[in-house]
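Thanks for making time this morning. I would like to walk you through one model, going from a single residue outwards to the chains.

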2 protein chains.
Amino acid sequence: MFRDKIKVLDCTIRDGGLINNHNFDDRFVREIYKAISASGVDYMEIGYKNSKELFSPDEYGAWKFCDDEVIKRITDGIESKTKLAVMVDIGRVNLDDVKPASESPIDMIRVASYVKDIDKAIHMVNHFDEKGYETTINIMAVTRSLDSELNEALHQIEEEAKCKIIYVVDSFGNLYQESTEFLVKKYKEILKSKEIGIHAHNNQQLAFSNTIEGIIHNANYLDATVYGIGRAAGNCPLELLIGFLKNPKYDIRPLLDLISKEFIPLREKIEWGYIIPYALTGILNEHPKSAMALRGTNKKEDYREFYESFSASDIE
Amino acid sequence: MFRDKIKVLDCTIRDGGLINNHNFDDRFVREIYKAISASGVDYMEIGYKNSKELFSPDEYGAWKFCDDEVIKRITDGIESKTKLAVMVDIGRVNLDDVKPASESPIDMIRVASYVKDIDKAIHMVNHFDEKGYETTINIMAVTRSLDSELNEALHQIEEEAKCKIIYVVDSFGNLYQESTEFLVKKYKEILKSKEIGIHAHNNQQLAFSNTIEGIIHNANYLDATVYGIGRAAGNCPLELLIGFLKNPKYDIRPLLDLISKEFIPLREKIEWGYIIPYALTGILNEHPKSAMALRGTNKKEDYREFYESFSASDIE
């Protein structure tokens, strides 16, 4: 699949940081930045821009805050055409902490938002747009949004938001081809002046497939992570996506080295990927937090009991 | 997705046996048969029917041969509606070894064939059909077949073969949605009197997705294995497929128990699944045998070198 407008965004450090409280050391992040740059990937999302008034730097690593000087420590001396992105959550960032883009190593700010917070997300992207950043709105948990409310949010974004890119985010790993097609087509139809992105989770081993489905229906911004790292089941594996895309600017080989040297050892220390409790929350369209909690107990392999805990009718 | 005609075939022991020379002990196979039966899966393929004149029982386990009395040892005393299947390869079975279906515990015989051997496959399915078995032809390695030759083979099957089911087999794990759609539609169009099946390999984490794509385009026979076990990258995970299908006759819970108790420990002993060299042979449309060989060496994680070994132009 070759389409010049396609852009790949690596969110290894940002989404992977949700597993280890963003505690990746400088050496590791530099190795990733080097490999991502050498492989021709368009963007690298390096973490969250959270307020230190809300989260303690004693409890979280540097990639929860993404101070400009810390980012410069990573990128210093490495040749790269890869742009840098950070993610912000509604209500967790102090807007005054963010300098104008001209004074920052950051190129893009992505605002993660639920449908209910879309007013706030639009306010934020417009603020960052004025400061000179590329911006996106990533609408989380769309598989649980009421269709009428999602439609209204999309119309509002089209009319009011200055960001150029809106993401379909399958937070729970519940989408498959037909539901992905439905959403991407809907976004394309309403968001006539925007590009569409897709961020898929891999609970049911469908993240890569749903990303391809996005491509088929003209999504041009594609999220992925090295070796699929990310919270719970993880994300679309970047190496598979690069293996699929035919644009000669991409090179899979630096990613292969990176996985050999860094990710095979890392996977022995922290857990992500195809793990049955995450598959089950994906099938059931549930947040993975209950499965993540289970994995920290001695019942971590008691899949049937975990599955049956969702069958009770006490949420009626 | 609910369609009454859909049949699920578990090939855990048959395809999984390619990892360990078919050396599963009776206790393990009985546990699988129990769980497959309890989960309502329609067929269980229990191994190959190979000639003992060609393969030594000293070298291979019981599921390379599938003697009737060995199968009866497994099924004895277990209540089940699941039909039993075996696979045969062209030139590796003595037809006289196969008793009439009325005297055998086996219900279905599946003939695995390359396009070039389709005459022999038709002869074999017609022979087994006369003996009273359900039969299928599984056309292997279709991603490497010349389209004109595949078309000719399909027309010949439609005209001459008595089997009711023809499988699309993605031997190398190279298919994605659009290529799966192309093949399933082609099979449906030519094989007007037959049902279509799909057997997908998981090199690129697309086996489940390609199976769903098959369903969307009216394939009704679906192969899968417990926890995706199978040679190299393995197969479509049965638990995901059962979680997707909406027919109330299927129950995911016995499979969850089976994975907890049997497959988590087994995966510590033998290897299958998402492993980069298998992903690369899938991307490159190559047989996984070179990657399987690599995994037995001390270069097993040298992915870049492995990848680059395919780039040489010496096959020109």
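Let me start with B:Pro288, which counts as buried because it has 23 C-beta neighbours inside 10 Å, and the cut-off for that label is 20 or more. Please keep in mind throughout that this is a predicted model. B:Pro288 is found in the loop between helix 10 and helix 11 (289–295) of chain B. Which residues does B:Pro288 touch, if we leave out those up to four places away in sequence? They are B:Phe172, B:Arg231, B:Ala232, B:Ala233, B:Tyr278 and B:Thr281. For a sense of distance across the chain, take B:Glu181, which is 107 residues from B:Pro288 along the chain and whose C-alpha atom is separated from that of B:Pro288 by 23 Å.

From that loop, let us move to the strands of chain B. Eight strands close into a barrel in the order 1-2-3-4-5-6-7-8, and the pairing is parallel, with a twist that averages 25° from one strand to the next. In general, strands of a sheet pair through backbone hydrogen bonds, either parallel or antiparallel.

Where does the barrel of chain B close? Strand 1 (residues 7–10) of chain B is joined to strand 8 of chain B by four bridges, and the two run parallel; here B:Leu9 stands opposite B:Asp223. Strand 8 of chain B is also joined to strand 7 of chain B, again running parallel, by two bridges, and on that side B:Gly197 stands opposite B:Tyr221. If you look at strand 8 of chain B itself, B:Tyr221 and B:Asp223 point one way while B:Leu222 and B:Ala224 point the other way, and all of these are buried.

Elsewhere in the barrel, strand 2 (residues 43–48) of chain B pairs with strand 3 (residues 83–89) of chain B in the parallel sense over four bridges, and B:Tyr48 has B:Met87 in strand 3 of chain B as its bridge partner. Helix 4 (residues 118–130) of chain B packs on the sheet, where it touches strand 3, strand 4 (108–113) and strand 5 (134–139) of chain B, and its direction makes about 175° with that of strand 4 of chain B. Helix 7 of chain B packs on the sheet as well, touching strand 6 (165–170), strand 7 (195–200) and strand 8 (221–224) of chain B, with a direction at about 170° to that of strand 7 of chain B.

Now to chain A, where a closed barrel of eight strands runs 1-2-3-4-5-6-7-8 with parallel pairing. Strand 3 of chain A and strand 4 of chain A run parallel and are joined by five bridges, and A:Val88 stands opposite A:Val111 in strand 4 of chain A. The loop between strand 3 (83–89) and strand 4 (108–113) of chain A is the place of A:Gly91. Is A:Gly91 buried or exposed? A:Gly91 is exposed, because it has 10 other C-beta atoms within 10 Å, and 12 or fewer is the limit for that label. A:Gly91 and A:Ser51 are 40 residues apart in sequence, and their C-alpha atoms are 9.2 Å apart in space.

Let me turn to a pair of helices in chain A. Helix 2 (residues 26–38) of chain A packs with helix 9 (residues 253–269) of chain A at an angle of about 160°, their axes being 8 Å apart, and the two helices are therefore roughly antiparallel to each other. Helix 2 of chain A contributes A:Phe28, A:Glu31, A:Ile32, A:Ala35 and A:Ala38 to the contact, and helix 9 of chain A contributes A:Pro254, A:Leu255, A:Asp257, A:Leu258 and A:Glu262. By class, that contact has seven nonpolar, no polar and three charged residues.

Finally, how many residues of each chain are in contact with the other chain? There are 29 residues of chain B in contact with 29 residues of chain A. On the side of chain B that touches chain A, several helices of chain B each supply at least two residues, among them helix 6 (177–190), helix 8 (238–244) and helix 12 (303–308). Helix 9 of chain B gives the most to that side, with six residues. The residues of the side of chain B that touches chain A divide into 15 nonpolar, six polar and eight charged.

Notes: Residues numbered from 1 in each chain as written. Chains lettered and ligands numbered in written order. Predicted model: local features only at pLDDT ≥ 70, side-chain atom pairs only at ≥ 80, totals over all residues. Axes fitted to C-alpha atoms, helices over the stretch in contact; angles between N-to-C directions. Parallel < 35°, antiparallel > 145°, perpendicular 65-115°, else oblique. Contact = placed C-beta atoms within 7 Å. Nonpolar A, V, L, I, M, F, W, Y, C, P; charged D, E, K, R; others polar. Pairing = 2+ DSSP bridges.
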